[in-house]
Amino acid sequence: QNDTKTAQADEFLHHEAQKKLLQQKKRKEEQLLLSTMNTTKIERMKEQARLRHELEIAYKTGDVEKRKKLQRRLEPEERR
């Protein structure tokens, strides 16, 4: 009977360890996803800054076609 209790305790500890590993894995995946989203957002912001700079140059040089094209690209997605 002592062996049965030991086996049950071992099995319980094993399940607890597996749950803990699974939770750690989920946390790592969530952190990776968040860091990726932040990186993507940063890249989009840099792209928008570059487009705004090009738009400013188009205004100064009088390039109407380029200005219109850049304004369309800078519009939010839902407006297009």
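This report looks at the charged side chains of the structure above and at how they pair up or stay unpaired.

Keep in mind as you read that this is a predicted model.

**Salt bridges**

Let's begin with the pairs. The structure holds five salt bridges, and three of them are set out here, including the N to O distance for each.

| Salt bridge | Distance (N to O) |
|---|---|
| E16 and K19 | 3.3 Å |
| R50 and E47 | 2.6 Å |
| E47 and R73 | 3.3 Å |

Take E16 and K19 to start with. Both residues belong to helix α1, which covers residues 2-61, and they sit three residues apart, or about one turn of the helix. E16 counts as partly exposed, at 33% relative accessibility, and K19 is also in the partly exposed group, at 48%.

R50 and E47 are also three residues apart in helix α1, so about one helical turn separates them. R50 is partly exposed, with 37% relative accessibility. E47 has a relative accessible area of 29%, and is partly exposed as well.

E47 has another partner to meet: its side chain forms a salt bridge with that of R73. Because E47 lies in helix α1 and R73 in helix α2, this pair ties together parts that are 26 residues apart in sequence. R73 is partly exposed too, at 40% relative accessibility.

Which residues are linked with E47 in a network of salt bridges? They are R50, E54 and R73.

**A buried arginine**

Now for a residue without such a partner. R67 lies in helix α2. Is R67 buried or exposed? R67 is buried, yet it has no salt bridge. The nearest side chain of opposite charge belongs to D63, and it is 8.0 Å away. A salt bridge needs a side-chain nitrogen within 4 Å of a carboxyl oxygen.

What does R67 touch, leaving aside residues up to four places away in sequence? Its contacts are L55, A58 and Y59.

**A positive patch**

Finally, turn to the surface. K66, K68, K69 and R72 together form a positive surface patch. One of them, K69, is found in helix α2, which spans residues 64-74. With a relative accessible area of 48%, K69 is partly exposed. Patch members must have over 30% relative accessible area and no salt bridge, so K69, at 48%, passes the cut-off for area.

As you turn the model, try finding R67, which is buried, and then K69, which is partly exposed; both R67 and K69 lie in helix α2.

Terms used
Residues are numbered from 1 along each chain as its sequence is written. This is a predicted model: local features need pLDDT of at least 70, side-chain atom pairs count only at pLDDT 80 or more; totals for chains, interfaces and linings use all residues. Side-chain values use heavy atoms; hydrogens and water are left out. Patches are made of residues with over 30% relative accessible area and no salt bridge: like charges are joined within 9 Å, nonpolar side chains (Val, Leu, Ile, Met, Phe, Trp, Tyr) within 5 Å. Accessible areas come from the Shrake-Rupley method with a 1.4 Å probe; for residues, only the protein chains shown count as cover. Lys and Arg count as positive and Asp and Glu as negative; His and the chain ends are not counted. The place of a charge is taken as NZ of Lys, CZ of Arg, CG of Asp or CD of Glu. Helices (H or I, at least four residues) and strands (E, at least two) are DSSP runs, numbered from the N terminus. Buried means under 20% relative accessible area, exposed over 50%, partly exposed in between (1.4 Å probe, protein chains only). Contact means heavy atoms within 4.5 Å.
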